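Dear colleague,

I am passing on the structure we spoke about, together with some notes on its disulfides. Please look through it at your convenience, and then read on for what was found.

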Amino acid sequence: MASYYLTICVLFLLPLHFSLIHGNTEEGFTINLIRKTSLQPSFPQGFSAMSTIPQSPVSAYLGEYLMELSIGTPPFKIYAIADTGSDLMWTQCVPCNDCYKQINPMFDPTKSSSYTNVPCSSNLCHLLDTGVCSPQKECNYTYAYGDGSMTQGVLAQETVTFTSTTGASVPLKGIVFGCGHNDSKNGFNDHEMGLIGLGGGPASLISQMGSSFGGKMFSQCLVPFHTDERVSSKMSFGRGSKVSGSGVVSTPLVTKEDKTPYFVTLLGISVGNKYLPYSGGSSQNVAKGNVFLDSGTPPTILPTEFYDRVVAEVKNQVPMKPVVDDPSLGTQLCYRTKNNLGGPVLTAHFEGADVKLEPIQTFIPPKDGVFCLGFTNTSSDVGIYGNFVQSNYLIGFDLEAKMVSFKARDCTKNT
Ligand SMILES: *[C@@H]1O[C@H](CO)[C@@H](O)[C@H](O)[C@H]1NC(C)=O
Ligand SMILES: *[C@@H]1O[C@H](CO)[C@@H](O)[C@H](O)[C@H]1NC(C)=O
Ligand SMILES: *[C@@H]1O[C@H](CO)[C@@H](O)[C@H](O)[C@H]1NC(C)=O
């Protein structure tokens with residue numbers, strides 16, 4: 001497990017999750033997805049998928065975003081972390097002797113008529129390379145995250161139900177998910193009933209949906225950190241989720257061996273008018289796909305050398321003294337102020353897309369009267385574009401055009 005993940009937990013005073021550590025980060029824990037099985041979810045008779053935009057309400061809770069959807073027959077509501085940095089969808093299932101506490105009841109497979117276990121003999125058992133055959137010939141899985149938390153259980157298939165723009169329900173049959181029977185007690189809080197993997201690997205909900213809704217694409221609009229949990233925004237799927245119109249900027253997705261993360265190329269970051277290239281040299285020799293967008297990681301994580309330059313420039317431009325006498329804040333750059341800072345505005349310069357970041361997206365209050373730069377550092381040369389900076393943008397992931405699009409928006413007003 002990477003030590004920097006631990007550091008971040010302390011610094012932000014939040015129980016955090018991180019998506020899978022990928023093979024291309026130095027702190028190597030790799031999950032290889034060994035077989036590409038094409039899954040084709042099916043619809044009930046008479047259902048027209050092409051004219052439907054499935055949606056899922058998403059709300060903020062302690063640095064993570066909880067997505068609402070239903071599984072099973074009759075539909076059972078779950079609230080689980082929306083995570084573009086991993087693939088498996090899972091929820092805690094009865095019986096759960098080795099699970100963490102959750103405030104809502106747990107999903108009980110015996111009460112659903114559409115639940116089926118994935119047999120060991122099925123190709124689906126190999127969607128994750130950690131699938132093992134139990135004596136009962138069930139496909140047991142183990143899935144671990146960068147912060148050391150994990151889930152263990154049985155791979156199963158269920159009907160997953162979304163709502164749509166018209167209010168109608170949109171059922172998708174045969175979605176592979178993990179019924180968690182043994183989940184980290186320290187990794188998740190009692191509002192989180194599991195996690196929805198929205199990455200690009202074959203096991204993810206996005207890959208399983210494929211082009212069922214007229215196109216392999218989805219969009220999110222995350223409300224800013226500390227937004228009341230009753231205020232939700234929407235995650236949308238399929239062709240109707242395409243982000244377009246005036247003010248949209250787009251950057252290419254970069255394909256790498258690891259299919260899970262959505263890699264893009266960050267050329268540099270401006271602090272006010274001061275441009276800082278990603279690498280020590282210039283924007284011309286920046287490696288393609290040097291960051292990935294991860295809705296399951298709150299801070300933005302940059303290579304130490306780049307991070308240090310960004311922090312130095314922020315310090316230079318903020319006319320206040322940073323907090324140095326509060327050990328609970330660790331080494332992060334914080335300021336004591338009642339309201340958020342007035343500036344500087346940062347700009348993330350992606351290849352082909354400049355994305356402006358206001359203080360509400362970059363300065364995060366870990367406690368009352370203190371605002372800290374929501375960035376941290378890594379020894380890896382691949383960074384993470386975290387969920388703080390993704391907030392208040394409608395972000396579209398178009399996996400066919402291989403583009404990520406950004407459109408500034410007040411996500412608290414988005415319906
Ligand atoms: C498979 O998972 C079930 C439920 O969590 C557990 O009881 C069983 O011991 C596991 N078997 C193996 C071989 O891991
Ligand atoms: C749950 O997982 C932990 C960690 O892998 C293991 O030590 C423990 O025995 C498991 N419990 C059950 C009931 O399988
Ligand atoms: C982060 O930066 C600090 C200060 O520059 C350094 O001491 C630490 O080793 C860095 N952490 C990682 C994981 O690179």
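The disulfide of cysteine 334 and cysteine 372 is right-handed, with a torsion of 100° about the S-S bond. This pair links distant parts of the chain, since cysteine 334 sits in strand β19 (residues 334-336) and cysteine 372 in strand β23 (residues 370-373), 38 residues apart. Please bear in mind that this is a predicted model, and that the sulfur-to-sulfur distance of 2.1 Å for cysteine 334 and cysteine 372 is a value computed from it. Cysteine 334 has a relative accessibility of 1% and therefore counts as buried, the cut-off being under 20%. Cysteine 372, at 1% relative accessibility, counts as buried too.

Next comes the link between cysteine 221 and cysteine 411, whose sulfur atoms lie 2.1 Å apart. Because cysteine 221 belongs to strand β11 (residues 217-221) while cysteine 411 falls in the segment after β27 (403-408), this disulfide ties together parts of the chain that are 190 residues apart in sequence. The torsion about its S-S bond is -85°, and the link of cysteine 221 and cysteine 411 is left-handed. As for the surroundings of the two residues, cysteine 221 is buried, with a relative accessible area of 1%, and cysteine 411 is likewise buried, with a relative accessible area of 0%.

A further disulfide is formed by cysteine 93 and cysteine 179, with 2.0 Å between their sulfur atoms. Here cysteine 93 is found in the loop between β4 (90-92) and β5 (116-117), and cysteine 179 in strand β9 (residues 169-183), so that the bond ties together parts 86 residues apart in sequence. The torsion about the S-S bond of cysteine 93 and cysteine 179 is about -85°, and the disulfide is therefore left-handed. Both cysteine 93 and cysteine 179 are buried.

How many disulfides does the count come to? Taking a pair of cysteine sulfur atoms within 2.5 Å as the criterion, the count comes to six disulfides. If the bonded cysteines are counted along the chain, the disulfides follow the pattern 1-8, 2-3, 4-6, 5-7, 9-12, 10-11, which may be a convenient way to keep track of the pairings as you go through the model.

With best regards

How values were computed
Residues are numbered from 1 along each chain as its sequence is written. Chains are lettered from A and ligands numbered from 1 in the order in which they are written. This is a predicted model: local features need pLDDT of at least 70, side-chain atom pairs count only at pLDDT 80 or more; totals for chains, interfaces and linings use all residues. Side-chain values use heavy atoms; hydrogens and water are left out. Helices (H or I, at least four residues) and strands (E, at least two) are DSSP runs, numbered from the N terminus. Buried means under 20% relative accessible area, exposed over 50%, partly exposed in between (1.4 Å probe, protein chains only).
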